[in-house]
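Visitor: I would like a close look at a single part of this model, with its packing partners taken one by one. Could you pick one helix and walk me through its surroundings?

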Amino acid sequence: DENGEKKKEDGPSEKGESPNDANDEKGSKESGKKGKNNENSSEEVVAMVVENGPENAKVEAEATKIGKETPYDEFCGDIPSAPELIRRSLAVLRTVAQTNAAEHFIYPVDPQTNPGYYESILKPMCLHETGVQLQKAAKAAASMNDDEQTEFLDTVVTEFGRNIRLITQNCSCYANAGATVIAAGDELLRIFERLLFDWILAPMDFLPPLESLDDEKCVEFHVSDDDSLVLLCDGCEGKYNMSRLNPPLKEVPKGDWFCPRCLSGRAWVNMDPRLGKTIRDDKNNREGKITKVRFVFPEKSIEGAQMFYDVIFPSKQKVRYSLDEVENALKKQGESVAPVRCVQALAESPGYSCGTDRLLYESLVPVLSNPSVSDAAAQAYTSGSAYRDVMTGSSILLLVDLEDMLGSEWARLMSLLVIECAASEMMLELASKLEGDSATKMQAIRTQSQKKVDIVDVLQLPPL
């Protein structure tokens, strides 16, 4: 919470649930599944009106909606006739909008209370505008065929993620935002990235049903959670039943607590169902194991991010296969794997590692408390960003392969190289020479201007 105290919830008392909630949830799940199997397209709604009358049709269409009614349904309410990906996106937006962290970001910024905001922010964004874009996308998708809709929906999910991230970026860029608002933006982003991955981008075998999208429940829901002590993760803000953790917790831990998913960096790169599978190379009569998935961003490609897989063969040779090549090889072997959706959105999503450095929380072991760091190094680390960047850059070069480095890590190294070059003897001599030449030229201009006593000389006009 804002006071830095441990956040905890007791399921029944905090949520205000009655003992009959478990039965209500069971009933809502059953009705939700029934609604899922009978989703109403716009044509079906028209048929209802003709057959049953407008009032009955409206009641039946409303019954297929998912989620509880919220004050923000005007821009993020469920649309039963929309494609599943848009309905899931609206569910994520609806959940995020109801969090305390979203208070400052729901509607456009008021220029009277935030002077200069629209002069400093090139692309303003808010949750309301994001929801309106999703509603427009739902209408546009209704007139598309299956192939057009698949490509369109991939773009919609990608833009959805970019818009929410843009909100927090704008918050950090605005000088008058204040520490409280910036902290709220960071919390909003952590919640969003968790929901985006769990509810939309995760492998299909791990996606919860539409009617089960409820962040009031534990991340890994079980009926026993309603009567147990629930612990909030300080990373993703997800809820976890203390008695079902591995190992179980008997009391609330002191200080910050991070859930197993945050600590492991739950994301597509470690959840892809193709990882660990064996594919056969008929050309060379050998079999290799898929060990790693990579996202590649070609500079001149108009298709965006592309997926590749590292395959290790018994000879320790590593060969890189494209997604299509892996899919064809698995299909040829008779293995079926759910298709990958929204590749660009997957490439841009950090999953549960949002706010972390290479999937590890920097604050997990404070540098001043880390026994592996000397007192002098700890003081230097906390007192200046230059030393911190040098140490981080050195660690990156020691631990990470060049082909695995992130864009932010390359940028950090380039900044260090620029600083190092600027401090070199050659650059200092060059800077001194340029400064001396500039001073000599300026002195010559001043001397020349002192000799000019007539306005014609100053303006360098020809004599009359």
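Guide: Gladly. A few words on the whole chain come before the close-up: buried residues make up 36% of its 464 residues. Please keep in mind that this is a predicted model. The chain holds 18 helices and seven strands. Among its contacts with a separation of 6 or more, 59% join residues that are 24 or more positions apart.

The part I have picked is helix 6, which covers residues 84–97. Let us go round helix 6 partner by partner. Two packed helices are described by the angle between their axes and the distance between the axes, and I will give both each time.

Take helix 9 to begin with, residues 146–173. Its axis lies 10 Å from that of helix 6, and the angle between the two is about 15°. Angles under 35 degrees count as roughly parallel, and helix 6 and helix 9 are therefore roughly parallel to each other. Their crossing is right-handed. On the side of helix 6, the contact is made by Leu-85, Ile-86, Ser-89, Val-92 and Leu-93. Helix 9 answers with Leu-153, Val-156, Val-157, Phe-160 and Ile-164. Sorted by class, the residues of this contact come out as nine nonpolar, one polar and no charged.

Next comes helix 8, residues 127–141. Here the axes are again given as 10 Å apart, with a packing angle of about 165°. Since angles over 145 degrees count as roughly antiparallel, helix 6 and helix 8 are roughly antiparallel to each other. This crossing is left-handed. Helix 6 brings Ile-86, Ser-89, Leu-90, Leu-93, Val-96 and Ala-97 to the contact, while helix 8 brings Leu-127, Thr-130, Gly-131, Leu-134, Ala-137 and Ala-138. The classes here are nine nonpolar, three polar and no charged residues.

The next partner is helix 10, which spans residues 179–201. The axes of helix 6 and helix 10 come within 10 Å and cross at roughly 155°. That makes helix 6 roughly antiparallel to helix 10. Helix 6 passes helix 10 in a right-handed crossing. From helix 6, the residues in contact are Leu-85, Arg-88, Ser-89, Ala-91, Val-92, Thr-95 and Val-96; from helix 10, they are Leu-188, Phe-192, Leu-195, Leu-196, Trp-199 and Ile-200. This contact has 10 nonpolar, two polar and one charged residues.

Some names recur as you turn helix 6 in your viewer. Ser-89 belongs to the contact with helix 9, to the contact with helix 8 and to the contact with helix 10. Leu-93 takes part in the contact with helix 9 and in the contact with helix 8. Val-96 is listed for helix 8 and for helix 10.

These partners also lead us to the nonpolar core. The largest nonpolar core has 70 residues, and those with the most contacts inside it are Leu-127, Phe-160, Ile-200 and Leu-201. Helix 10 gives the most to this core, with 12 residues. You have just met some of these names: Leu-127 in the contact from helix 8, Phe-160 in the contact from helix 9 and Ile-200 in the contact from helix 10. Leu-127 is worth a pause. Not counting residues up to four places away in sequence, it touches Phe-75, Leu-93, Val-96, Ala-97, Ala-102, Phe-105, Ile-106, Ile-164 and Ile-167.

One residue of helix 6 deserves its own view, and that is Arg-94. Buried means under 20% relative accessible area; Arg-94 has 4%, so it is buried. What does Arg-94 contact, leaving aside its neighbours within four places in sequence? The list runs Ile-66, Gly-67, Lys-68, Thr-70, Asp-73, Cys-76, Gly-77 and Asp-78. For Lys-68, the separation from Arg-94 is 26 residues in sequence and 9.6 Å in space, C-alpha to C-alpha.

To put the picture back together: helix 6 runs roughly parallel to helix 9, roughly antiparallel to helix 8 and roughly antiparallel to helix 10, and it carries the buried Arg-94.

Notes
Residues numbered from 1 in each chain as written. Predicted model: local features only at pLDDT ≥ 70, side-chain atom pairs only at ≥ 80, totals over all residues. Heavy atoms only, no water. Axes fitted to C-alpha atoms, helices over the stretch in contact; angles between N-to-C directions. Helix = DSSP H or I, 4+ residues; strand = E, 2+ residues; numbered from the N terminus. Parallel < 35°, antiparallel > 145°, perpendicular 65-115°, else oblique. Left-handed = near helix turned anticlockwise from the far one by under 90°. Contact = heavy atoms within 4.5 Å. Nonpolar A, V, L, I, M, F, W, Y, C, P; charged D, E, K, R; others polar. Core = buried A, V, L, I, M, F, W, Y, C linked by side-chain atoms within 4.5 Å. Buried < 20%, exposed > 50% of the residue type's maximum accessible area, 1.4 Å probe, protein only.
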